[in-house]
Amino acid sequence: MQELIIGSHVSFKSSDQLVGSVKEALSYKANTFMFYTGAPQNTNRAKIDESLTKEAYQLMQENNIQPKNVIVHAPYIINLANNEKIDSYNFAINFLKQEIMRCENLGMTKLVLHPGSSVKLAKEVGIANIIKALNMVLTKEQKVVILLETMAGKGSEIGSQFEEIKAIIDGVTLKDKLGVCLDTCHISDAGYDIRNFDEVLDSFDQIIGLDKLLCIHINDSKNPMGAHKDRHANIGLGELGFDNLIKIIYHKRLENIPKILETPYIDGDSTRMYPPYKFEIEMIRKKEFNPKLLEEIRSYYK
Ligand code: FE
Ligand code: FE
Ligand code: ZN
């Protein structure tokens, strides 16, 4: 049996860049990770330091982390779906081009992107804008594949239905530069019943094609199916539940696909928040829910 590829969102600080990200992943006993090349909510980005990148690759090699399984996430303020303000649309296009370059410089090949929100425009117009932008951004030469993320369908978000993702892929010329990232919280919020996950997967396969699925975000949800809220919960502490998530994580058809946790930090004492990932990963490896999860996280980090 193939070894589970599991990790979490980790930080990428300007001081130690990818080295810090790898060390953080190792502290969670993860064998992969996902990072933003700067703060997720803004577009200020430090220059990539080559010697730090080299050091990080050394560290990955020593610890059996395969770079092909590592994921980069584009900042969520990039919105390719709305072009009402042409400056913002062009900014988003340019930023994405630079983000692809940063990934190439870091040797990373998988970049997760939220398709975007159409805001006041019709969905079809939003989809057309995304297609136009991607056709401007993607090049034959790039090694980076952009993974369109399945969304919760909050507000005017595009990509909550597999058909919308498929429509984007259909319109893009360089289809081999596109893949999909499935988020368990988002698909449930979007109305897919993850208790019948085989059916969801069949539908994904029929509409998009399972070969396009290159990353899975593993999150529980604070809200019931169809809520369109996008509020992640810790593994086993939300509406999806531990057993349903374990079935997805260990699904035969999803072997070899990196699984990334984006669950919320835990309230510590007063001002501190603690990352749950070490303990969630341990639970997932044991396939056994830990009812003392929160207490154990708090006592470990305090
Ligand atoms: Fe995301
Ligand atoms: Fe996600
Ligand atoms: Zn989310």
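The following dialogue looks at how some terms apply to this predicted model. Local features in this predicted model need pLDDT of at least 70, side-chain atom pairs count only at pLDDT 80 or more, and totals for chains, interfaces and linings use all residues. Residues are numbered from 1 along each chain as its sequence is written, chains are lettered from A and ligands numbered from 1 in the order in which they are written, and side-chain values use heavy atoms, with hydrogens and water left out.

User: Why is His73 called buried?

Analyst: Buried means under 20% relative accessible area, exposed over 50%, and partly exposed in between, with a 1.4 Å probe and protein chains only. His73 has 1% relative accessibility, and therefore counts as buried. Glu149, with a relative accessible area of 0%, is buried as well.

User: What makes His73, His114 and Glu149 donors of the iron ion (ligand 1)?

Analyst: Donors are N, O and S atoms within 2.8 Å of the metal (3.2 Å for Na, K and Ca), and because water is not among the atoms, sites may look incomplete. His73 (NE2), His114 (NE2) and Glu149 (OE) coordinate this iron ion at 2.1 to 2.3 Å, so they meet that limit. Glu149 also coordinates the iron ion (ligand 2), which is 3.3 Å from ligand 1.

User: What makes Leu134 a residue that touches Leu80?

Analyst: Contact means heavy atoms within 4.5 Å. Leaving out residues up to four places away in sequence, Leu134 touches Leu80, Leu96, Leu113, Ile146, Leu148, Ile168, Val172 and Leu178.
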